[in-house]
Amino acid sequence: MGPLKGIRVVDMSAVLAGPVATQMLGDFGADVIKIEPPQGDLLRQVGPMRSTAMGPLYMNANYNKRSVCLDLKSVDGREVLIDLIRSADIFVTNSRPKAMMRLGLSYDTVQAIKPNIIYTALLGFGETGRYAGKPAYDDLIQGAVGLPYLQSKASGGVPRYFPNAIADRAFGLAAANAILAALVHRERTGEGQQIDIPMFETVAQFVLGDHLGGLSFDPPLDEGGYHRLTSKARRPFRTKDGYICLLLYSDAQWSKFLEVTNRPTRLAGDNRFSSFAGRQEHFDDLCRAIGDVIKMRTSAEWLALLDKADIPVMPMHSLETLLEDPHLQDVGFFETYDHPSEGRMRRTKVPVSWSQTPAENHQPPPVIGEHTVEVLKETGLSDDTIYELLQSGAASAPALEPIPA
């Protein structure tokens, strides 16, 4: 069931970045135990839903996890969490360090309980900087790393957030990579460790990889930014009946495009476009000239012609037409399944494949506390003790799960 089979993750993260990271570990075969408060992860409340606290954003970031509902404000609830940590390889939290200290769950405390634990702290900002302890959300981080500024350059002066939780998701991917690196180190040495992953710095690196530009040099060669990415002309090309996405990057691709379009004068006769450097320098004019050619045929005609010539082109999908994309259908990217509480659902498969340790979606997104009793039994607690925890509210389980007599 994946290359991480046998690895246990105790996941105390909530909302999006942490759950994205831990879902990836679950997709790869780890046993991810999601620790939730009695009210559940706040992300459960986002989007259209059939049942309370089962919104699509939550569901699509929490496959392959088991939910255990604990009241960590109670002594008994914290003791149960500590028992779970003793059985874990990885502990993940995105609570602020001061809050973790108040709960008695700082790295020093947890390491004393489980010496080789990989303790992963997802932070908003690095602890040595002046922003340490500030709240960090996707919109705030997008703004702080310059994404709305870059969007304003590309869209005509109006700063906008990127229409994807790109900061959260980039941060989640970075967190998963850091955890996997720590697992490799532990495999080699037996040592656990603390990992601090700051969101602001992580996403700043992500953005500046493209846009540091001339600011990479001291003194700077320009004001930074990659013009091709911020150009107002960088957009899908309009056809007779829709849009296509076309990129003519290399000289070979440019020559093929001129050939299949019978060397239109506006393109073939303009020396500014004859070299890679020239096309980069005059990118805006190039896009306008290409646009005049593309609008002469339908999308289907262009896709057939350019695909045959091996010129980089793709359709411009809507969210609905993406579901019907023929390639995604070929590879079985989407599948439907029956969720125990939500009925018929669609989900995406894990896109990575391993020849020796194939992974697969095997656990649907859980309702709050769906696996509380199951997991507590695995820790060795008796039915009577579990019953007392449920009665006191230190632990919670949904009505659909049988409560021991």
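## A leucine in a loop, and its patch

Leu-215 sits in the loop that links helix 9 (199-211) to helix 10 (227-230). Helices here are DSSP runs of H or I with at least four residues, strands are runs of E with at least two, and both are numbered from the N terminus. Keep in mind that this is a predicted model: local features need pLDDT of at least 70, side-chain atom pairs count only at pLDDT 80 or more, and totals for chains, interfaces and linings use all residues. Residues are numbered from 1 along each chain as its sequence is written, and side-chain values use heavy atoms, with hydrogens and water left out.

Is Leu-215 buried or exposed? It falls in between: Leu-215 is partly exposed because its relative accessible area is 42%. The scale is simple: buried means under 20% relative accessible area, exposed means over 50%, and partly exposed is in between (1.4 Å probe, protein chains only). Leu-215 joins Leu-208 and Leu-212 in a nonpolar patch on the surface, and together they have about 230 Å² of accessible area. Such areas come from the Shrake-Rupley method with a 1.4 Å probe, and for residues only the protein chains shown count as cover. To be in a patch, a residue needs over 30% relative accessible area and no salt bridge; like charges are joined within 9 Å, and nonpolar side chains (Val, Leu, Ile, Met, Phe, Trp, Tyr) within 5 Å. A salt bridge, in turn, is a side-chain nitrogen of Lys or Arg within 4 Å of a carboxyl oxygen of Asp or Glu.

## The seven-strand sheet

Now for the strands. An open sheet is built from 7 strands in the order 6-5-4-1-2-3-12, with mixed pairing. Its edge strands are strand 6 and strand 12 (395-396), and each pairs on one side only. Two strands count as paired if DSSP finds at least two bridges between them. Strand 1 (residues 8-11) runs parallel to strand 2 (residues 31-36), with 4 bridges between them; in this pair, Val-9 is opposite Val-32 of strand 2.

Strand 5 (residues 118-123) has parallel partners too. With strand 4 it shares 4 bridges, and Phe-91 has Tyr-119 of strand 5 as its bridge partner. With strand 6 (residues 193-198), strand 5 shares 6 bridges, and Thr-120 faces Ile-195 there.

How many residues of strand 5 are buried? The count is 6 of 6. In a regular strand, side chains alternate between the two faces of the sheet. In strand 5, Ile-118, Thr-120 and Leu-122 are on one side, while Tyr-119, Ala-121 and Leu-123 are on the other, and both sets are buried.

## Asp-89 and its neighbours

Asp-89 lies in the loop between helix 3 (75-86) and strand 4 (90-93). With a relative accessible area of 13%, Asp-89 is buried. Which side chain does the side chain of Asp-89 meet in a polar contact? That would be the side chain of Arg-186, at 2.7 Å. A polar contact is a pair of N or O atoms within 3.5 Å; within protein, one must be able to donate a hydrogen and the other to accept it, and residues adjacent in sequence count only if both atoms are side-chain atoms.

Leaving out residues up to four places away in sequence, Asp-89 touches Gly-6, Ile-7, Arg-8, Lys-114, Asn-116, Ile-117, Ile-118 and Arg-186. Contact here means heavy atoms within 4.5 Å.

## The three-strand sheet and Ser-299

There is also an open sheet of 3 strands, in the order 7-8-9, and its pairing is antiparallel. Strand 7 (237-238) and strand 9 (313-315) each have a single partner strand, so one side of each is left without a neighbour in the sheet. Strand 8 (residues 243-246) is joined to strand 9 by 3 bridges, and Leu-246 is opposite Val-313.

Ser-299 belongs to helix 15 (residues 299-308). At 13% relative accessibility, Ser-299 is buried. Residues that Ser-299 touches include Tyr-243 and Ile-244.

## Some backbone details

The peptide bond from Asp-218 to Pro-219 is cis, with omega near 5°. Pro-219 is in the loop between helix 9 and helix 10.

Ala-53 is not a glycine, yet its phi is positive, near 65°. Ala-53 sits in the loop between strand 2 and helix 2 (56-59), and is buried at 8% relative accessible area. Asn-64 also has a positive phi, near 55°. Its place is the loop between helix 2 and strand 3 (65-70), and Asn-64 is buried, with a relative accessible area of 2%.
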